[in-house]
Amino acid sequence: MYSKILDLTRGVSPSTKVFPGSPQPSFIAWSTFAAHGYDSEVVHMSTHTGTHMDAPSHFAPGAPAIDRIAPARL
């Protein structure tokens, strides 16, 4: 079947490359250990941030969504 997996994962930060015109990722502190007993953030970013793959449906109405593309095609 598949013999090798290539991990393309990259970290996301305010300086991550984005598609021209898309907003840079931003992170907003949402809770803190001191106030809430846990730490969390809100992340705001475009779907065109960092490593990603556009589905055919992104360019043509009725075309396949990303979950309809067989990994073997990649």
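**Close-up views of a predicted model**

Residues 24 or more positions apart account for 24% of the contacts in this chain that have a separation of 6 or more. Keep that figure in mind as you look through the views below, and remember that the model is predicted.

**View 1. The whole chain has one helix and two strands.** Follow the sequence from its start and you will meet these elements in the pattern β-α-β. Along the principal axes, the C-alpha atoms fill a box of roughly 50 × 35 × 25 Å. How does the radius of gyration of the chain compare with that of a compact globule of 74 residues? The chain has 17 Å, while such a globule would have a value near 11 Å. Of the 74 residues, 14% count as buried. The accessible surface comes to about 6,400 Å², and carbon and sulfur atoms make up 61% of that surface.

**View 2. Ser31 sits in strand S1.** Is Ser31 buried or exposed? Ser31 counts as buried because its relative accessible area is 2%, and the limit for that label is under 20%. Two polar partners are worth finding here. The side chain of Ser31 makes a polar contact with the side chain of Ser40, at 2.7 Å. A polar atom of the Ser31 side chain also lies 3.3 Å from the backbone oxygen of Tyr38. Leaving out residues up to four places away in sequence, Ser31 touches His36, Tyr38, Asp39 and Ser40. Both polar partners, Ser40 and Tyr38, therefore appear among these touching residues, as contact means heavy atoms within 4.5 Å.

**View 3. Thr16 lies in the segment before S1.** Thr16 is buried, with a relative accessible area of 11%. Which backbone atom does the side chain of Thr16 reach? It is the backbone nitrogen of Ser13, at 2.7 Å. Now set aside the neighbours within four places in sequence: Thr16 is then in contact with Gly11, Gln24, Pro25, Thr49 and Gly50.

**View 4. Gly11 and Gly50, two of the contacts of Thr16, are shown together.** Gly11, like Thr16, is found in the segment before S1. Gly11 is exposed, with a relative accessible area of 62%, whereas Thr16 is buried. How many residues separate Gly11 from Gly50 in sequence, and how far apart are they in space? They are 39 residues apart in sequence and 8.2 Å apart in space, C-alpha to C-alpha.

**View 5. Gly21 is another residue of the segment before strand S1, which covers 26–31.** Gly21 counts as exposed because its relative accessible area is 82%, and the label needs a value over 50%. Try tracing the path from Gly21 to Tyr38: the two are 17 residues apart in sequence and 34 Å apart in space, C-alpha to C-alpha. You have met Tyr38 before, as the residue whose backbone oxygen lies 3.3 Å from a polar side-chain atom of Ser31.

**View 6. Val12, Phe27, Val43 and Met45 make a nonpolar surface patch.** The area of this patch is about 310 Å². One of its members, Met45, is found in the segment after strand S2, which covers 40–44. Is Met45 buried, exposed or partly exposed? Met45 is partly exposed because its relative accessible area is 42%, and that label lies between the limits of 20% and 50%.

Notes. Residues numbered from 1 in each chain as written. Predicted model: local features only at pLDDT ≥ 70, side-chain atom pairs only at ≥ 80, totals over all residues. Heavy atoms only, no water. Helix = DSSP H or I, 4+ residues; strand = E, 2+ residues; numbered from the N terminus. Buried < 20%, exposed > 50% of the residue type's maximum accessible area, 1.4 Å probe, protein only. Patch = residues over 30% accessible without salt bridge, like charges linked within 9 Å, V, L, I, M, F, W, Y side chains within 5 Å. Areas by Shrake-Rupley, 256 points an atom, 1.4 Å probe, with all protein chains shown as cover. Salt bridge = Lys/Arg side-chain N within 4 Å of Asp/Glu carboxyl O. Polar contact = N/O pair within 3.5 Å; in protein donor to acceptor, adjacent residues only side chain to side chain. Rg over C-alpha atoms; globule rule 2.2 N^0.38 Å.
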